[in-house]
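Open the model in your viewer and keep the selection box at hand. The tour goes stop by stop: select, look, move on.

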Amino acid sequence: MHEQTTVVGLANRILARLATRIALSHESSLEYLPASARSKAVVTGNPIRPELLRGDRAAAYDHFGLTFEVPLIYVTGGAQGSKQINTLIAEVLPRLLPHAQIVHQCGPAWIDQMRAVTLPPELADRYHPVPYVGAELADLFAAADVVISRSGAGTVSELTAIGKPSVLIPLIPTGGDEQRKNAGYLASAGAARALLEPRPTAEMLLAELMPLLADPGLRQAMGHAAAKLGRVDAADALCDVLLRAAHYA
């Protein structure tokens, strides 16, 4: 069995007693396993798409028409967008754009609404809402100084593998509250900032975000902390576990 999140869900806690080998994405997951199953566990990480490790920062700046004057924030709420994140971003844009430029993957259903947000004319070209980010994601990750996102298993694995500082807004509630636990795990390691309240406000988002925008050293330290949690070799490590388990079956 393989557990993707920082905690171990009920189904996998049950399955762990029967599994031949247990692959974990994070060291912190070990304590959630039954004591009798821990000797079968190995931390492999959670595989990510290898192309995300080969992003081209300059290509993202060209693609989106970005400037080098201020830091770049990449905002994403997943493929369909997030009403919560989109609403927060719309509220903070006038105060945020003097200090940053933003590429905002808001979802197809939200693109017209986000394009219609009233902005100061002299700053409007710093905001780039898009319905969806596809092949350019690796370049955008490479270019972003800070990422604002949910904290699902895949997102956390990507942010740590590429060593990217982030402000996480977990989806609450989820089964087992795993997104909030994922976000808390990264925040406690200094790898992210997190809004763990069920209904975070725009002021809370700005309070977490503004220190990062003002301090490149803080962003760099957070990126290093994230990279320490990441596993760029997760796919190979997981394959090795599978092959060894099959060999001895």
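**Stop 1: the cover of helix α6**

Start by selecting α6 together with its surroundings. The cover over the buried residues of α6 includes α5 (137-143), β7 (146-149), β8 (166-168), α7 (178-188) and α9. Helices here are DSSP runs of H or I with at least four residues, strands are E runs of at least two, and both are numbered from the N terminus. Buried means under 20% relative accessible area, exposed over 50%, and partly exposed in between, with a 1.4 Å probe and protein chains only.

A word on what you are looking at: this is a predicted model, where local features need pLDDT of at least 70, side-chain atom pairs count only at pLDDT 80 or more, and totals for chains, interfaces and linings use all residues. Residues are numbered from 1 along each chain as its sequence is written, and side-chain values use heavy atoms, with hydrogens and water left out.

Now select residues 153-161, helix α6 itself. Seven of its nine residues are buried, so α6 is largely enclosed by the rest of the structure. Colour these buried ones: A153, V156, S157, E158, L159, T160 and A161. Then click G163, which follows α6 and has a positive phi, near 65°.

**Stop 2: V156, inside α6**

Which residues does V156 touch beyond its neighbours within four places in sequence? Select H26, S151, N182 and L186. Contact means heavy atoms within 4.5 Å. V156 belongs to helix α6 and is buried, at 1% relative accessible area. Add T5 to the selection. T5 and V156 are 151 residues apart in sequence, yet their C-alpha atoms are 8.6 Å apart.

**Stop 3: T6, in a loop**

Move to T6. The loop that holds T6 runs between β1 (2-3) and α1 (10-15). Is T6 buried or exposed? With a relative accessibility of 3%, T6 counts as buried. Show its contacts, leaving out neighbours within four places in sequence: H26, S28, S29, Y32, K181, N182 and Y185. H26 and N182 may look familiar; V156 contacts them too.

**Stop 4: Q101, in a strand**

Select residues 101-105, strand β5, and find Q101 in it. Q101 counts as buried because its relative accessibility is 1%. Draw a line from a polar atom of the Q101 side chain to the backbone oxygen of V70: the distance is 3.1 Å. Such a polar contact is a pair of N or O atoms within 3.5 Å; within protein, one must be able to donate a hydrogen and the other to accept it, and residues adjacent in sequence count only if both atoms are side-chain atoms. Beyond four places in sequence, Q101 is in contact with Y61, L66, T67, V70, P71, L72, I73 and R126.

**Stop 5: R115, on helix α4**

Next, select residues 111-115, helix α4, where R115 sits. R115 is exposed, with 54% relative accessible area. Not counting residues up to four places away in sequence, R115 touches P129 and P131. Add V130: its C-alpha atom is 8.8 Å from that of R115, with their positions 15 residues apart along the chain.

**Stop 6: E197, in another loop**

Go on to E197, in the loop between β9 (193-194) and α8. This residue is partly exposed, at 35% relative accessible area. Show I172 and M204, its contacts outside four places in sequence. Then measure to I169: 28 residues apart along the chain, the C-alpha atoms of E197 and I169 are separated by 8.8 Å.

**Stop 7: where α8 crosses α9**

Select 202-214 for α8 and 216-229 for α9; their axes come within 5 Å and cross at roughly 105°. That makes the two helices roughly perpendicular, a label for angles of 65 to 115 degrees. Axes are lines fitted to C-alpha atoms, for helices over the stretch in contact, and angles run from 0 to 180 degrees between N-to-C directions. Show side chains for P211, L212, L213 and A214 in α8, which meet P216, L218, R219 and M222 in α9. The residues of this contact divide into seven nonpolar, no polar and one charged. Ala, Val, Leu, Ile, Met, Phe, Trp, Tyr, Cys and Pro count as nonpolar, Asp, Glu, Lys and Arg as charged, and the others, Gly among them, as polar.

**Last stop: the whole chain**

Zoom out. The chain has ten helices and nine strands, and 49% of its 249 residues are buried.

Note on methods:
Parallel < 35°, antiparallel > 145°, perpendicular 65-115°, else oblique.
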